[in-house]
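Q: I am new to this structure and would like a close look at a single part. Please take me through the sheet in the first chain, and then show me what else surrounds that picture.

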Amino acid sequence: MNTAEKDLKITSLIENVFKKHGKDFINLKTFLSYLDKKELSFLQLKPNSIQDAVEKAISPVKSPYQIKKFKQSKVLFNGPLAEIALAYIEKRKAKTFGQLNKDFPVIKGEFIDLVNTLLDQGCLRARISTSEKIILYTVDKKATQLLTETAKTEDADLFAMSKAFDTRTLISQFKDAYYNVGKGANYVFIHQIRNFLGWSRKQFDELLYQMMKQGYVAAHPGNPGALMAQEVRDSFQDEYGDLYITVSWRKSV
Amino acid sequence: MTHEQGISDILRQNNPFSSNAAGDPREERYPDVPGLGDKVFHGIQALIRFKKNQPTMQCAGAVLGEAGYGKTHLIGRLIDSRNKNVVPYNFAYIYPFIDSHQGFRYLLREIVVNLTTMYKGYTFSQLDALSAITGCRVIQQMEKEAGTEILSVRDCPFEKNPIRILTTRIVPKTILPKIINHGIRFLSHQNPAFTPEFLKVILRYCFFPETRPAAIQWLMGRTIASDQVRLLGVSDRSSKPAESLEEDAQEIILSFDLLFYFHGRPMIVMFDQLENLTDIKQIKTFQKMIFCLGDKSKAMLPIAFFRAQEWTMNFSKQLDDFCSGRFKANMFDLKGCNRKQAYELIRSRLGHALSGIKLPNDLFPFYPDHQDELSQLLNLPEMSPRQVINRANRLLQKILYGKPLEKRCPNLILRKAYKTRYEEILANHEQYPPDKSRLILAMSLYLSNRPANLSCNIAAVNIQPKGDKYVDFTAQVTSKKGKAVPMIIMIDIESHHKSVLASLKRGIIQLKKTPEAKIIYIRDSRCPFHGPKRWKENQQAKTEFERRGGIFILSPIEEISYLYALALLKFDVQAGDITSDTGRALSPDQLGRFIQSEISENPDGIFAKLEQCFLTLKTPDTSFNKNTSFQPIPESGVEDEKITGLATEFLDQSPTKMMKADLLVKKISQKTYIGTDTNHVVSLLGKNRKKFNIFRAKDGILISLKVHQ
């Protein structure tokens with residue numbers, strides 16, 4: 001077997017392990033446990049081989065994998081660290097910096113650097129929670145750019161805007177806001193989503209009504225008496241005078 | 001008159017879309033719409049089967065749905081299907097409780113009310129069935145142990161129809177005590193957690209018809225009279241403290257649970273209108289109930305019905321992790337109608353009103369002439385059933401009368417709902433047993449909303465003052481002459497002579513101390529006040545009480561039901577179940593105004609009697625100013641037009657088309673210098689529902705301009 005063939009086989013073996021593991025990073029000891037006898041023998045490893053031996057065995061394959069030391073372990077990452085961190089943050093919506101750092105296998109300083117880089121690049125946004133913690137969530141860069149421009153053209157109608165902007169992206173933004181605000185609840189307050197997104201009133205109302213008509217969301221009446229006047233105002237009223245207070249997500253984008 | 005005109009006439013008289021609240025789920029309801037709510041319905045039935053198969057598994061369920069999504073309809077459907085499920089089940093529908101200190105007694109009472117009610121289509125109650133089956137099982141066991149037949153099998157029709165044991169006297173009376181003793185031993189052996197007194201009462205209920213009324217009262221956890229105690233052979237509860245009575249109630253609930261388990265027929269306990277639990281103490285008590293039913297039981301399954309917003313804002317935060325975790329594990333979302341179901345809903349309502357009449361099509365009169373309009377109104381892929389009904393109603397009114405729907409004022413809607421509740425209580429008063437907490441709730445609503453310009457003014461109302469368990473209200477009554485006297489109202493539903501005597505004595509002591517005081521003792525006549533032969537001391541106390549000027553009211557069901565109806569109306573309003581013609585839930589403020597202008601101005605039943613009692617304070621020379629606090633809104637056409645025009649202008653300029661009433665009034669006043677007040681403007685614009693919407697928020701009233709008028 002020549003080197004190229006060997007590289008290819010190791011790559012496919014690593015891919016398989018990541019597939020089984022379901023995460024983009026894996027401790028080398030755990031990595032070993034996913035290998036069957038044949039694969040172990042191919043890599044000239046034993047079930048109890050030390051981490052250095054595993055690293056050496058798979059090292060012929062360079063890109064796109066990388067191995068980093070974390071505490072007493074060595075961790076294999078399935079790609080560039082920034083990309084993996086971004087995907088990891090996206091998957092774990094609306095978690096605090098501390099919670100995210102706890103389960104991501106790089107030292108704190110390195111994780112801070114990673115997050116700062118992603119923030120600088122506009123891939124991440126941060127908010128301070130009421131308990132004064134930093135909450136991170138990912139941002140679709142293109143959509144953000146579009147939204148900033150949209151805010152300037154408050155009076156433009158949605159039909160015209162939809163030509164310029166990708167409605168699907170806006171819906172996707174709405175969906176992110178829905179999950180961020182609702183934290184998994186099935187009924188999320190419209191006024192909270194509205195405030196979270198900070199779009200123009202017209203744009204928000206028209207998009208929401210379109211989404212209701214197309215079945216992306218179901219909007220529900222509620223009890224305005226339990227809300228403050230401003231919150232009622234920031235809910236949604238259709239042309240028949242029906243007031244909607246909460247929405248539930250129904251259809252995937 | 002053409003056939004079509006005839007149909008329109010019927011619809012004018014019997015509009016199937018004018019009612020959009022489901023009412024009491026135990027009564028008749030509109031037909032089900034295929035597919036609507038099926039997922040939740042089948043989910044709960046599966047949960048019942050699960051509880052039957054895994055009795056030790058601790059579980060509870062919750063159904064989320066906004067007002068108008070069909071929660072009450074679903075409850076009705078679950079009740080109707082109790083004998084059709086793979087696992088038949090018992091049910092209890094629980095109205096919200098008020099007094100957090102009596103939670104378990106209330107829960108037990110409501111369970112027993114459900115168990116003892118004879119529902120339509122049945123000749124026996126759930127308790128009849130339960131006690132009859134228990135009696136038969138005990139006899140069978142005795143026969144098995146003795147090796148002989150107590151009842152000849154050929155003569156015993158109970159194998160197939162155990163209920164007949166309640167009406168057929170084929171068990172020799174002489175051996176009944178033996179059967180009861182054997183039954184207690186046998187069932188206690190089956191499960192030592194059974195309380196012997198409970199078993200005794202259940203078996204007595206089965207074999208001794210004369211004990212049934214007393215047995216029901218005892219099973220409800222009430223302190224029964226001494227002669228009833230002797231009849232049932234149970235211990236007297238009269239000297240027990242409240243905490244101990246609560247423990248007893250919990251024990252009886254768990255004994256019922258064992259009985260359900262023994263018969264292999266679980267019970268679902270459905271908690272509705274939970275929006276009425278507004279106090280943290282009530283929520284803690286509710287939590288204890290769920291723990292008792294969900295975790296300590298083997299055959300009881302609590303299902304709570306929440307409005308989604310209420311769950312998100314309050315219950316999910318106030319319930320402890322344990323309790324909310326139980327609900328979250330089996331949480332069902334009620335979804336709205338899809339387009340097909342929306343049409344089916346309209347079709348079925350029309351079919352219900354026009355049953356037996358030949359129609360040009362099943363959506364007539366919407367089809368064919370108003371097909372597009374209907375389709376435009378049903379423009380969303382998911383709408384709440386109530387929204388569909390309201391929109392259909394709007395269009396139907398236009399078709400029938402050629403003009404848009406004329407909305408009824410909230411008072412009219414509330415009057416209708418109040419009357420319905422009153423009639424419901426009168427017709428099924430066994431479902432609404434004497435309930436002190438509901439009487440207190442209704443009385444406090446009445447006193448706090450009663451206008452001051454009636455016969456006299458009632459102020460400084462204090463509800464259930466601390467440290468005085470017999471007094472329910474203290475207040476100051478001021479006659480038109482300006483003379484103020486203290487007033488005490490005592491509400492009593494106790495059956496035990498000692499407790500009744502103590503209440504009367506409390507009144508006498510007060511009258512001795514302050515002879516000018518007005519002391520009113522009110523008693524639901526279903527809790528009898530016995531004659532001198534049986535209650536000699538109590539009769540003497542009553543005479544003494546009245547001699548000193550106390551007012552003793554033994555209120556018959558026709559009178560006191562007005563109070564119960566008002567309490568239930570409060571539950572309905574709080575739960576968002578009473579809606580305006582536009583589908584918006586009426587608010588507690590609107591209920592307050594209804595009490596102020598309708599119940600107080602034209603009092604009926606107990607309210608009329610109370611007003612008479614207050615009137616006795618009136619002195620002949622009155623110089624009372626009728627307009628001291630309740631002023632009717634002045635009618636001034638020209639100014640009103642101006643106000644409406646300006647309101648339209650200001651609201652239209654606002655990006656949200658919505659504004660706080662105070663701000664709007666300020667703007668109008670600045671522009672016109674018309675001295676007007678917020679109430680007047682809200683009332684004026686509220687009349688023009690075609691153009692304006694009024695929303696009552698927590699911190700004020702909002703007025704919005706309708707875009708699509």
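A: What follows starts with one sheet and then moves outward.

This is a predicted model. Start in chain A. An open sheet there has 3 strands, in the order β1-β3-β2. The pairing is antiparallel.

Take the edges next. β1 (25–27) and β2 of chain A each have a single partner strand, so one side of each is left without a neighbour in the sheet. Neighbouring strands are turned against each other by 30° on average, direction ignored.

Now go pair by pair. Strand β2 of chain A covers residues 66–70, and strand β3 of chain A covers residues 73–77. These two are antiparallel and share 5 bridges. One bridge matches A:I67 with A:L76 in β3(A). β2(A) and β3(A) also make a hairpin, with 2 residues between them. A:K71 sits in that turn and has a positive phi of about 55°.

On to the other pair. β1(A) and β3(A) are joined in the antiparallel sense by 3 bridges. Here A:F25 has A:F77 in β3(A) as its bridge partner. A helix packs on this sheet: α4 of chain A, residues 51–58. Helix α4 touches β1, β2 and β3 of chain A. The direction of α4 makes about 25° with that of β3(A).

For contrast, look at a strand in chain B. Strand β3 of chain B spans residues 267–271. Of its 5 residues, 5 are buried, so the strand is largely enclosed by the rest of the structure. In a regular strand, side chains alternate between the two faces of the sheet. Both faces of β3(B) are covered. On one side lie B:M267, B:V269 and B:F271. On the other lie B:I268 and B:M270.

What pairs with β3(B)? Strand β2 of chain B (residues 90–94) runs parallel to β3(B), joined by 5 bridges. B:A92 stands opposite B:V269. Strand β4 of chain B (residues 300–306) also runs parallel to β3(B), and 5 bridges join them. B:M270 has B:I303 in β4(B) as its bridge partner.

Next come the nonpolar cores. The largest has 159 residues. B:F207, B:F256, B:F286 and B:F327 have the most contacts inside this core. Helix α21 of chain B (residues 557–574) gives the most to this core, with 11 residues. Among the residues B:F327 touches are B:F286, B:I290, B:F306 and B:W311. Another core lies apart from the largest one and has 55 residues. Its members include A:W199, A:F236, A:V247 and B:A392.

A:W199 turns up again among the aromatic rings. One aromatic cluster is formed by A:F174, A:Y178, A:Y179, A:W199, A:F204, A:Y216 and A:W249. Over all chains the count of aromatic pairs comes to 41. One of these joins B:Y418 and B:F594, edge-to-face, 5.8 Å centre to centre, with 75° between the planes. The pair links distant parts of the chain, 176 residues apart. B:Y418 belongs to helix α17 and B:F594 to helix α22, both of chain B. Why do both rings count as buried? The cut-off is under 20% relative accessible area. B:Y418 is buried because its relative accessibility is 9%. B:F594 is buried too, at 1%.

Charges meet rings as well. The charged end of B:R204 sits over the ring of B:F208, 5.0 Å from the ring centre. B:K542 lies over the face of B:F552, at 4.9 Å from the ring centre.

Terms used. Residues are numbered from 1 along each chain as its sequence is written. Chains are lettered from A and ligands numbered from 1 in the order in which they are written. This is a predicted model: local features need pLDDT of at least 70, side-chain atom pairs count only at pLDDT 80 or more; totals for chains, interfaces and linings use all residues. Side-chain values use heavy atoms; hydrogens and water are left out. Two strands pair if DSSP finds at least two bridges between them. Helices (H or I, at least four residues) and strands (E, at least two) are DSSP runs, numbered from the N terminus. Rings of Phe, Tyr and Trp (its six-membered ring) pair if their centres lie within 6.5 Å; planes under 30 degrees apart count as stacked, over 60 as edge-to-face and the rest as tilted. Buried means under 20% relative accessible area, exposed over 50%, partly exposed in between (1.4 Å probe, protein chains only). A charge sits over a ring if NZ of Lys or CZ of Arg is within 6 Å of the ring centre and within 35 degrees of the ring normal. A nonpolar core is a set of buried Ala, Val, Leu, Ile, Met, Phe, Trp, Tyr and Cys residues joined through side-chain atoms within 4.5 Å. Contact means heavy atoms within 4.5 Å. Axes are lines fitted to C-alpha atoms, for helices over the stretch in contact, and angles run from 0 to 180 degrees between N-to-C directions. Lists of a residue's contacts leave out its neighbours within four places in sequence.
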